[in-house]
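The exercises below ask for a careful reading of one model, each with a solution that goes step by step. Please look at the sequence and the structure before turning to the solutions.

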Amino acid sequence: MLVVDDEESVRFFLLKSLRKEGFEVEAASSGRAAVDRLAKAPFDIVLTDIVMPDVTGLDVLKAVHDMDKDAVVILMTAHGSVENAIDALRL
């Protein structure tokens, strides 16, 4: 699993919690770093924040599905909106 969030405390919490549950987890501190990492190795699951500077979680979603249609992408945000939900469902 790849966890993508620009906030260090969120990444730390998710990594610790998911590893405790037995998941193999890596992290990326930005959408750009996530896309670069995904180009080098596939992940079955990507858990990404939507609101990040430069490369957003929706951009990460597009990149993941361009590389592997079977990968699962879970989007999370503290700034939810109907528009984000509709965009995510379309992708």
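**Exercise 1.** Determine which sign phi takes at G22, just after helix 1, and which residue that is not a glycine has a positive phi.

*Solution.* Just after helix 1, G22 takes a positive phi of about 100°, where helices (H or I, at least four residues) and strands (E, at least two) are DSSP runs numbered from the N terminus. The model is predicted, so that local features need pLDDT of at least 70 and side-chain atom pairs count only at pLDDT 80 or more, whereas totals for chains, interfaces and linings use all residues. Residues are numbered from 1 along each chain as its sequence is written, and side-chain values use heavy atoms, with hydrogens and water left out.

The next step is to look for a positive phi at a residue other than glycine. Most residues other than glycine have a negative phi. D54, although not a glycine, has a positive phi of about 70°. D54 is placed in the loop between strand 3 and helix 3, and with a relative accessible area of 69% D54 is exposed, the classes being buried under 20% relative accessible area, exposed over 50% and partly exposed in between (1.4 Å probe, protein chains only).

**Exercise 2.** Work out which residues of helix 1 are buried, and what they pack against.

*Solution.* Begin with the geometry: helix 1 covers residues 8-20, and its 13 residues reach 18 Å from the first C-alpha to the last, close to the 18 Å expected, the expected span being 1.5 Å times one less than the number of residues. The buried residues of helix 1 are R11, L14, L15 and L18. Seen down the axis of helix 1, these fall within an arc of 100°, so they line one face of the helix; the arc is that of the directions from the helix axis to the C-beta atoms. An α-helix has 3.6 residues a turn, so residues three or four places apart point the same way.

The buried residues of helix 1 pack against strand 1 (2-4), strand 2 (26-28), strand 3 (45-49) and strand 4 (72-76). On the face turned away from the buried side, helix 1 carries the exposed residues S9, F12, F13, K16 and K20.

**Exercise 3.** Establish how far the nearest side chain of opposite charge is from the buried R11, and what R11 is in contact with.

*Solution.* R11 is placed in helix 1. Although buried, R11 has no salt bridge, and the nearest side chain of opposite charge, that of E8, is 4.9 Å away. Here Lys and Arg count as positive and Asp and Glu as negative, while His and the chain ends are not counted; a salt bridge is a side-chain nitrogen of Lys or Arg within 4 Å of a carboxyl oxygen of Asp or Glu. Leaving aside its neighbours within four places in sequence, R11 is in contact (heavy atoms within 4.5 Å) with D5, D6, A27, A28 and S29.

**Exercise 4.** Find how many salt bridges there are, and describe the partners in each.

*Solution.* By the rule given for R11, the count comes to two salt bridges. One of them joins E26 and R37, with the closest N and O atoms 3.8 Å apart. E26 lies in strand 2 and R37 in helix 2, so the pair ties together parts that are eleven residues apart in sequence. E26 is partly exposed at a relative accessible area of 40%, and R37 is partly exposed at 31%.

D36 forms a salt bridge with R32, and here the closest N and O atoms are 4.0 Å apart. D36 and R32, being four residues apart in helix 2, are separated by about one helical turn. D36 is partly exposed, with a relative accessible area of 38%, and R32 is partly exposed, with 42%.

**Exercise 5.** Identify the buried residues of helix 2 and the elements against which they pack.

*Solution.* In helix 2 (residues 31-40) the buried residues are G31, A34, V35 and L38. They cover an arc of only 95° around the axis, which puts them on the same side of helix 2. These buried residues pack against strand 1, strand 2, strand 3 and helix 3 (57-67), whereas the face turned away from the buried side carries the exposed residues A39 and K40.

**Exercise 6.** State where T48 lies and whether T48 is buried or exposed.

*Solution.* T48 lies in strand 3, and at 0% relative accessibility T48 counts as buried. Apart from neighbours within four places in sequence, T48 is in contact with V4, G57, V60, V73, I74, L75 and M76.
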